[in-house]
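Below, the structure is taken one part at a time. Please keep the sequence and the model in view while reading.

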Amino acid sequence: MPAQYILDVHDVARSIPRGRVTTYGAIASFLTLGSARMVGWAMNKCMPGEDVPAHRVLNRKGELSGRNAFPTPTTMQERLEEEGISVTDDKVDNFKDLFWDPIELLP
DNA sequence: GAGGTGACGGCGG
DNA sequence: GCCGCCGCCACCT
(Lines give C-alpha, C1' and ligand atoms only; values in the text may rest on other atoms or scores of the structure.)
Protein backbone atom coordinates (compact mmCIF):
# COMPACT_ATOMS: atom_id res chain seq x y z
CA MET A 1 0.00 0.00 0.00
CA PRO A 2 1.49 3.34 -1.04
CA ALA A 3 2.25 5.97 1.57
CA GLN A 4 -0.26 8.78 2.00
CA TYR A 5 1.99 11.58 0.75
CA ILE A 6 2.47 9.72 -2.52
CA LEU A 7 -1.30 9.70 -2.98
CA ASP A 8 -1.39 13.40 -2.08
CA VAL A 9 1.19 14.23 -4.73
CA HIS A 10 -0.77 12.25 -7.30
CA ASP A 11 -3.97 13.96 -6.22
CA VAL A 12 -2.47 17.42 -6.70
CA ALA A 13 -1.10 16.38 -10.08
CA ARG A 14 -4.56 15.24 -11.15
CA SER A 15 -5.96 18.65 -10.27
CA ILE A 16 -3.62 20.50 -12.62
CA PRO A 17 -5.85 22.17 -15.23
CA ARG A 18 -5.54 20.90 -18.80
CA GLY A 19 -3.14 23.01 -20.80
CA ARG A 20 -1.32 24.25 -17.70
CA VAL A 21 1.86 23.08 -15.96
CA THR A 22 3.41 23.28 -12.51
CA THR A 23 6.70 22.43 -10.84
CA TYR A 24 7.98 19.90 -8.33
CA GLY A 25 8.86 22.70 -5.95
CA ALA A 26 5.37 24.20 -6.06
CA ILE A 27 3.81 20.85 -5.17
CA ALA A 28 6.39 20.21 -2.45
CA SER A 29 5.67 23.61 -0.94
CA PHE A 30 1.90 23.14 -1.18
CA LEU A 31 2.06 19.77 0.60
CA THR A 32 4.91 20.91 2.92
CA LEU A 33 6.97 17.86 2.03
CA GLY A 34 10.23 19.63 2.83
CA SER A 35 11.94 18.47 -0.34
CA ALA A 36 11.10 18.71 -4.01
CA ARG A 37 12.97 15.46 -4.56
CA MET A 38 10.13 13.68 -2.78
CA VAL A 39 7.72 14.93 -5.43
CA GLY A 40 9.87 13.57 -8.22
CA TRP A 41 10.27 10.30 -6.41
CA ALA A 42 6.52 10.09 -5.76
CA MET A 43 5.77 10.76 -9.42
CA ASN A 44 8.12 7.95 -10.39
CA LYS A 45 6.06 5.70 -8.13
CA CYS A 46 2.82 6.48 -9.94
CA MET A 47 1.09 3.26 -10.94
CA PRO A 48 -0.58 2.71 -14.31
CA GLY A 49 -4.30 3.07 -13.72
CA GLU A 50 -3.99 6.04 -11.40
CA ASP A 51 -4.25 8.31 -14.43
CA VAL A 52 -1.71 10.82 -13.13
CA PRO A 53 -0.84 13.59 -15.63
CA ALA A 54 2.84 13.51 -14.71
CA HIS A 55 3.71 15.24 -17.98
CA ARG A 56 2.34 18.51 -16.54
CA VAL A 57 4.95 18.52 -13.77
CA LEU A 58 8.26 20.13 -14.71
CA ASN A 59 11.35 21.34 -12.93
CA ARG A 60 11.86 25.00 -11.98
CA LYS A 61 13.22 25.90 -15.41
CA GLY A 62 10.24 24.48 -17.27
CA GLU A 63 12.25 21.56 -18.59
CA LEU A 64 10.87 18.06 -19.16
CA SER A 65 13.32 16.54 -16.72
CA GLY A 66 11.21 13.43 -16.17
CA ARG A 67 10.72 12.42 -19.76
CA ASN A 68 13.03 9.40 -19.34
CA ALA A 69 10.56 7.79 -16.91
CA PHE A 70 7.91 7.55 -19.63
CA PRO A 71 7.53 4.58 -22.01
CA THR A 72 9.46 6.58 -24.60
CA PRO A 73 11.39 9.85 -24.05
CA THR A 74 9.03 11.62 -26.45
CA THR A 75 5.77 10.61 -24.74
CA MET A 76 5.90 13.55 -22.32
CA GLN A 77 6.33 16.14 -25.09
CA GLU A 78 3.65 14.56 -27.26
CA ARG A 79 1.08 14.62 -24.48
CA LEU A 80 1.89 18.27 -23.71
CA GLU A 81 1.56 19.31 -27.35
CA GLU A 82 -1.71 17.41 -27.45
CA GLU A 83 -2.95 19.86 -24.83
CA GLY A 84 -1.80 22.86 -26.82
CA ILE A 85 1.52 23.33 -24.99
CA SER A 86 4.42 23.84 -27.37
CA VAL A 87 7.74 22.28 -26.39
CA THR A 88 11.14 23.25 -27.78
CA ASP A 89 14.39 21.53 -26.87
CA ASP A 90 12.78 19.69 -23.92
CA LYS A 91 11.52 22.98 -22.51
CA VAL A 92 7.98 24.41 -22.36
CA ASP A 93 7.47 27.59 -24.35
CA ASN A 94 5.90 30.51 -22.45
CA PHE A 95 6.44 28.58 -19.24
CA LYS A 96 5.92 31.63 -17.04
CA ASP A 97 2.37 32.17 -18.29
CA LEU A 98 1.41 28.48 -18.33
CA PHE A 99 2.64 27.95 -14.78
CA TRP A 100 -0.13 26.95 -12.36
CA ASP A 101 0.41 27.08 -8.60
CA PRO A 102 -1.50 24.47 -6.52
CA ILE A 103 -2.17 27.23 -4.00
CA GLU A 104 -5.00 28.25 -6.35
CA LEU A 105 -6.91 25.21 -5.12
CA LEU A 106 -7.42 26.97 -1.80
CA PRO A 107 -10.23 29.51 -1.41
C1' DG B 1 24.86 0.48 9.55
C1' DA B 2 27.09 3.53 6.04
C1' DG B 3 27.35 5.72 1.76
C1' DG B 4 25.52 6.94 -2.76
C1' DT B 5 21.61 8.41 -5.72
C1' DG B 6 17.86 11.22 -7.66
C1' DA B 7 11.32 13.26 -12.34
C1' DC B 8 14.75 19.17 -7.30
C1' DG B 9 15.45 23.93 -5.47
C1' DG B 10 17.51 28.02 -3.12
C1' DC B 11 21.28 30.89 -2.79
C1' DG B 12 25.73 33.07 -3.65
C1' DG B 13 29.28 34.35 -7.03
C1' DG C 1 21.14 34.88 -16.59
C1' DC C 2 24.37 30.98 -16.10
C1' DC C 3 27.29 27.95 -12.89
C1' DG C 4 28.41 25.63 -8.75
C1' DC C 5 27.62 24.33 -3.94
C1' DC C 6 24.75 22.64 -0.46
C1' DG C 7 20.34 21.02 1.72
C1' DC C 8 16.83 17.97 1.26
C1' DC C 9 14.81 12.77 2.48
C1' DA C 10 13.24 8.12 0.94
C1' DC C 11 15.32 4.38 -1.39
C1' DC C 12 18.90 1.24 -2.93
C1' DT C 13 23.30 -1.10 -2.81
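**The surface near the DNA**

Tyr5, Gly34, Ser35, Arg37, Met38 and Trp41 are the residues around DNA strand C, where a residue is near a molecule or strand if one of its heavy atoms lies within 4 Å of it. This is a predicted model, in which local features need pLDDT of at least 70 and side-chain atom pairs count only at pLDDT 80 or more, while totals for chains, interfaces and linings use all residues. Residues are numbered from 1 along each chain as its sequence is written, chains are lettered from A and ligands numbered from 1 in the order in which they are written, and side-chain values use heavy atoms, with hydrogens and water left out.

Of the atoms of DNA strand C within 4 Å of the protein, 76% are sugar or phosphate atoms and the rest belong to bases. The surface near DNA strand C consists of 3 nonpolar, 2 polar and 1 charged residues. For these classes, Ala, Val, Leu, Ile, Met, Phe, Trp, Tyr, Cys and Pro count as nonpolar, Asp, Glu, Lys and Arg as charged, and the others, Gly among them, as polar. Helix α3 (residues 36-44) gives the most to this surface, with 3 residues; helices (H or I, at least four residues) and strands (E, at least two) are DSSP runs, numbered from the N terminus.

Two polar contacts can be found at DNA strand C. A polar contact is a pair of N or O atoms within 3.5 Å; within protein, one must be able to donate a hydrogen and the other to accept it, and residues adjacent in sequence count only if both atoms are side-chain atoms. A polar backbone atom of glycine 34 is 3.4 Å from a sugar or linking oxygen of the strand. An N or O atom in the side chain of arginine 37 is 3.1 Å from a base oxygen.

DNA strand B is surrounded by 15 residues, of which the closest are Tyr24, Gly25, Arg37, Met43 and Arg60. Here 40% of the strand's atoms within 4 Å of the protein belong to sugar or phosphate, and the rest to bases. By class, the surface near DNA strand B has 6 nonpolar, 7 polar and 2 charged residues. A base nitrogen of DNA strand B lies 2.3 Å from a polar side-chain atom of arginine 60, and a base nitrogen is 3.4 Å from a polar backbone atom of glycine 40. At serine 65, an N or O atom of the side chain is 3.2 Å from a phosphate oxygen of the strand. The elements that give two or more residues to this surface are α2 and α3, and α3 gives the most, with 6 residues.

**The protein interior**

Which residues of helix α1 (residues 4-14) are buried? They are Ile6, Val9, His10, Val12 and Ala13, where buried means under 20% relative accessible area, exposed over 50%, and partly exposed in between (1.4 Å probe, protein chains only). These residues lie on the same side of α1 because they cover an arc of only 160° around the axis, the arc being that of the directions from the helix axis to the C-beta atoms. They pack against α2 (24-30) and α3.

Valine 12, in helix α1, is buried at 5% relative accessibility. Leaving aside neighbours within four places in sequence, valine 12 is in contact (heavy atoms within 4.5 Å) with Ile27, Phe30, Leu31, Trp100 and Pro102. Valine 12 and leucine 31 are 19 residues apart in sequence, and their C-alpha atoms are 8.9 Å apart in space.

Threonine 23 is in strand β1 (residues 22-23) and is buried, with a relative accessible area of 10%. A polar atom of its side chain lies 3.1 Å from the backbone nitrogen of alanine 26.

**Two loop residues**

Threonine 32 sits in the loop between α2 and α3, and aspartate 51 in the loop between α3 and β2. Phi is near 50° for threonine 32, a positive value in a residue other than glycine. For aspartate 51, also a residue other than glycine, phi is positive and near 55°. Threonine 32 is exposed, with a relative accessible area of 67%, and aspartate 51 is exposed at 63% relative accessibility.
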